[in-house]
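These are my notebook entries on one structure, written in the order in which I looked things up. Each entry takes up one topic.

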Amino acid sequence: IATANDVQGIPRPLLDRMELMEIPGYTENEKEHIAREHLIPKQMEINGIPEGKLVIQPAALGKLINNYTKEAGVRSLERNIGRICRKTARALMEEGKDKVVVTSRNISKFLGKERYNYLMANEKDEIGIARGLAWTQVGGDTLEIEVNIMPGEGNLILTGQLGDVMQESARIALSYVRSIVKKEASYFKEHDIHLHVPEGAVPKDGPSAGVTMSTALYSAIEGIPVDAKVAMTGEVTLRGKVLPIGGLKEKLLAAKSAGIKKVLVPQENKPDVEELEEEITDGIQIVFVTKVKQVLKESLVER
């Protein structure tokens, strides 16, 4: 039996001889239950803390899961609970405290400053900015894509450490958008288009940002804002068809954490959504799409 976070690094001949069992990452709710029922009692026992001497409030545990760890499992979560327990044991012994209560306000005294922050949905609708969803080895994340149009010579500038597949997606998205916008051919010869994906130091790849790039490009070229509370995922073809993607559970969880209200998902991913627990889909409007024109209709803000 072998374990791996990502099968991409496993040689193909070896992979063909393996039986693959994919285990999805835990949801925030599942992590809370695992921490309450197993990890906290275990670490309290290891560190010699009597029952009732340490209380970690629900808000503090939620902050610990979201802002101090970023993982599919609970290894880092257990490590941080252990740190809290060790500091609690010291406070009980050396400072003579009767009880230690960890709250969302004082958790930084135990663990230091927050390590991770979700990129929250923007406050206002903006032109040329669309929100995509990405899958990573440690769960889902939101991906903001920015497009600027400026006078130039018809160049497409791509920045943000984009991999080969993502660069191809950007070119496909631009070709499709050029075929549907109401602009003269001279417009594209006289303007440069700059597409950027923030967090420029982090490499990014994959085809699932195709619809997001198409939306950001169309928005910038036509000057129509994109709804800040909408996120989307899906590969796009030259004819504007939206193709299915993977990692949907993690992507929807990331959208929920970022305050997104509506998520546009490829129609072919509908069976995947139907298998998800209500806890994941609750509070998010999921719209299934087959064409980029549907995506634009659902995401652009009408004047």
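**Entry 1. Aromatic pairs.** I worked from a predicted model. I searched the whole structure for aromatic pairs and found one. The pair consists of tyrosine 187 and phenylalanine 188, with ring centres 5.3 Å apart and planes at 85°, so I entered the pair as edge-to-face. The angle decides this entry, because planes over 60 degrees apart count as edge-to-face. I recorded both the distance and the angle, since a pair of aromatic rings is described by the distance of the centres and the angle of the planes.

I then asked whether tyrosine 187 and phenylalanine 188 are buried or exposed. Both residues are buried.

**Entry 2. Charges over the rings.** Which residue has its charged end over the ring of tyrosine 187? I found lysine 183 there, with its charged end 4.9 Å from the ring centre. For phenylalanine 188, I noted arginine 178 over the face of the ring, at 4.5 Å from the ring centre.

**Entry 3. The chain as a whole.** I next looked up the overall figures. The chain has 303 residues, and 44% of them are buried. I listed 12 helices and 13 strands. Along the principal axes, the C-alpha atoms fill a box of roughly 75 × 50 × 35 Å. The chain exposes about 17100 Å², of which carbon and sulfur atoms supply 48%.

I also looked up how contacts are spread along the sequence. Of the contacts between residues at least 6 apart in sequence, 75% join residues at least 24 apart.

**Entry 4. A nonpolar patch.** On the surface I noted a nonpolar patch of about 310 Å². Which residues make the patch? They are Val7, Leu14, Met18 and Leu20. I followed up leucine 20, whose place is in the loop between helix H1 (12–16) and helix H2 (28–46). Leucine 20 has a relative accessibility of 46%, so I entered this residue as partly exposed.

**Entry 5. Salt bridges.** Side chains of opposite charge can pair when their charged atoms come close. I counted the salt bridges and obtained nine. I examined three in detail, as follows.

For arginine 12 and aspartate 16, the closest N and O atoms are 3.5 Å apart. Both residues belong to helix H1, where they are four residues apart, about one turn of the helix. Arginine 12 and aspartate 16 are both exposed.

Glutamate 78 and lysine 42 form a salt bridge with an N to O distance of 2.9 Å. Which parts of the chain does this pair tie together? Glutamate 78 is in helix H4 (residues 75–94) and lysine 42 is in helix H2, so the bridge ties together parts 36 residues apart in sequence. I entered glutamate 78 as buried because its relative accessibility is 18%, a value under the 20% cut-off. Lysine 42, with a relative accessible area of 41%, is partly exposed.

Lysine 262 and glutamate 298 also meet in a salt bridge, at 2.9 Å from N to O. Lysine 262 lies in strand E12 (residues 262–266) and glutamate 298 in helix H12 (residues 292–299), so this pair joins a strand and a helix across 36 residues of sequence. The relative accessibility of lysine 262 is 15%, so I entered this residue as buried. Glutamate 298, at 28%, counts as partly exposed.

**Entry 6. Helix H9.** I asked why helix H9 (residues 248–257) can be described as largely enclosed by the rest of the structure. Seven of its 10 residues are buried, and I therefore kept that description. The buried residues include Leu248, Leu252, Ala254 and Ala255. The charged residues Lys249, Glu250 and Lys251 of H9 are buried as well. After H9 comes glycine 259, whose phi is positive, near 85°.

**Entry 7. Valine 147.** My last entry concerns a residue of strand E5 (residues 139–151), valine 147. Valine 147 is buried, with a relative accessible area of 5%. What does valine 147 touch, not counting residues up to four places away in sequence? I listed Gly128, Ile193, His194, Leu195, Ala216, Leu217 and Ala220. I also looked up valine 147 against valine 263: the two are 116 residues apart in sequence, and their C-alpha atoms are 20 Å apart in space.

Conventions: Residues numbered from 1 in each chain as written. Predicted model: local features only at pLDDT ≥ 70, side-chain atom pairs only at ≥ 80, totals over all residues. Heavy atoms only, no water. Phe/Tyr/Trp six-rings, centres within 6.5 Å; stacked < 30°, edge-to-face > 60°. Buried < 20%, exposed > 50% of the residue type's maximum accessible area, 1.4 Å probe, protein only. Lys NZ or Arg CZ within 6 Å of the ring centre and 35° of its normal. Patch = residues over 30% accessible without salt bridge, like charges linked within 9 Å, V, L, I, M, F, W, Y side chains within 5 Å. Areas by Shrake-Rupley, 256 points an atom, 1.4 Å probe, with all protein chains shown as cover. Salt bridge = Lys/Arg side-chain N within 4 Å of Asp/Glu carboxyl O. Helix = DSSP H or I, 4+ residues; strand = E, 2+ residues; numbered from the N terminus. Contact = heavy atoms within 4.5 Å.
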